[in-house]
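User: I'd like to go through the labels on this model and hear the reasoning behind each one. Can you take me through them?

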Amino acid sequence: MRFGIVSALVAFVSVAVHGKILYAGVNESGGEFGVFGTKGQGLPGRFGVDFAFINKTTVDIFVDQEKINFFRVTFLMERMTPLSFGLGRRFNETYFSEYADAINHITLTKGAYALIDPHNYMRYNDPSSQPFSGSVIGNTSDPTAATTKQFGEFWHELALRFATNPKVVFGINNEPHDMPTDLILKNNQAAIDGIRAAGARQLILAPGNGFTGGHSFTQNTGAAGDAPSSDFLNKMVDPLKNTAIDIHEYLDVDFSGSHDECTQPGPSNLAALTTWLQQNKLKAVISEFGGGNNANCFQFIDDMLTYLAANDEYIGWSIWAAGPFWGTNSPCCGADTGSLEPGNVNDMGAPNAFSTVWPAAVRPNIPKNLKRSGTSSLS
């Protein structure tokens with residue numbers, strides 16, 4: 001631990017003048033709603049009833065008033081490529097058009113960048129008890145599992161549909177966990193190959209194991225002690241060299257984002273990852289993090305965002321979460337924190353995280369010189 005803290009301080013001092021965050025924003029969660037309970041429940045689901053992707057007025061507020069430029073927008077692969085089709089090139093065109101409308105509003109209408117997020121934990125066929133239900137993609141011992149080849153075909157088709165939109169970022173999958181890390185590498189590589197074969201040149205974000213936690217990136221993770229992500233993710237090959245590492249980093253005691261108090265310091269917990277990124281000449285985006293509505297978490301969030309801005313290895317971040325269906329519920333960080341959806345309140349009828357966490361800890365850390373034009377990239 002002492003070594004980690006020293007490393008973090010050295011990294012902070014050595015690059016503070018040159019650090020640059022290109023993307024700063026928020027998660028839009030809702031496309032994965034409506035399936036929790038029994039297997040098959042909510043599939044395909046009803047748009048606007050079981051699920052939704054964004055409130056366009058919310059996006060307008062974030063872009064026009066808060067001056068962010070980055071939205072991570074969730075969806076389910078079981079809805080995009082229904083079980084009756086299987087994972088691959090054949091899409092539910094209604095669901096895709098609804099998703100594309102959200103992405104196009106963010107990118108074409110508002111000029112921001114949109115991170116496409118299959119919210120599936122690198123599993124497919126049963127999202128009813130996420131994050132643990134469903135078959136691990138590429139698991140050859142599971143006859144019901146989608147194959148790595150199918151995963152690549154899915155990404156080829158999805159990238160083909162967005163290839164001409166420069167403001168799109170491709171997130172390979174949300175939070176893989178409890179699976180062989182070399183299989184994550186294979187699945188990531190299949191996705192990269194499919195995206196590039198489609199002619200898409202935009203930025204790709206590739207996740208690691210252990211829910212792609214930054215604190216555990218160089219450690220064994222999961223019940224089986226799966227190999228560290230750092231052992232494999234430097235072996236990915238992108239012919240365009242436009243792939244970054246997708247990292248999640250919550251600040252509560254067990255890194256789950258379920259507690260309202262923050263006890264895990266981002267800078268020291270990210271130090272080993274930062275060193276690995278430096279050694280491998282790679283970049284990362286923290287696409288999920290969060291904290292509760294209290295001064296303790298405000299400071300922890302500020303400390304981490306300051307650290308990211310001070311280290312060139314990090315090019316962006318998005319906090320969890322806004323979304324059209326959260327209502328008075330809290331997507332993270334304690335039941336009373338509430339969501340980041342403007343206009344909502346928390347479960348007690350008091351201001352939600354957009355009125356508390358955002359102005360105290362997030363707004364002050366939004367850079368003035370975010371990337372506003374051009375194809376999504378590492379620079």
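Analyst: Sure, salt bridges to begin with: a side-chain nitrogen of Lys or Arg has to be within 4 Å of a carboxyl oxygen of Asp or Glu. On that rule the structure holds 10 salt bridges. Keep in mind that this is a predicted model, where local features need pLDDT of at least 70, side-chain atom pairs count only at pLDDT 80 or more, and totals for chains, interfaces and linings use all residues. Residues are numbered from 1 along each chain as its sequence is written, and side-chain values use heavy atoms, with hydrogens and water left out.

User: What makes D50 and R46 a salt bridge?

Analyst: Their closest N and O atoms are 2.9 Å apart, and the cut-off is 4 Å, so the pair qualifies.

User: Why is D50 called buried?

Analyst: Buried means under 20% relative accessible area, exposed over 50%, and partly exposed in between (1.4 Å probe, protein chains only). D50 comes out at 16%, so it counts as buried. Its partner R46 has 51%, so R46 is exposed.

User: What makes R72 and E288 a pair that links distant parts of the chain?

Analyst: Their side chains meet in a salt bridge at 2.8 Å, N to O. R72 sits in strand β2 (residues 70-75) and E288 in strand β9 (residues 284-288), 216 residues apart. Strands here are DSSP runs of E, at least two residues, and helices are runs of H or I, at least four, both numbered from the N terminus. Both R72 and E288 are buried.

User: And how do you know that R161 and E157 are about one turn of the helix apart?

Analyst: Both lie in helix α5 (residues 148-162), four residues apart. They form a salt bridge with closest N and O atoms 2.7 Å apart. R161 has a relative accessible area of 27%, so it is partly exposed, while E157, at 14%, is buried.

User: Why is T221 called buried?

Analyst: T221 has a relative accessible area of 9%, so it is buried. Its place is in the loop between β7 (204-207) and β8 (243-248). Not counting residues up to four places away in sequence, T221 touches N209, G210, S216 and D226, contact meaning heavy atoms within 4.5 Å.

User: Where does pLDDT stay under 50?

Analyst: Over residues 1-18. pLDDT is the predictor's confidence in each residue, from 0 to 100. Where it is low, the predicted coordinates should not be read in detail. For the protein chain the mean pLDDT is 95, and 95% of its residues reach 70 or more.
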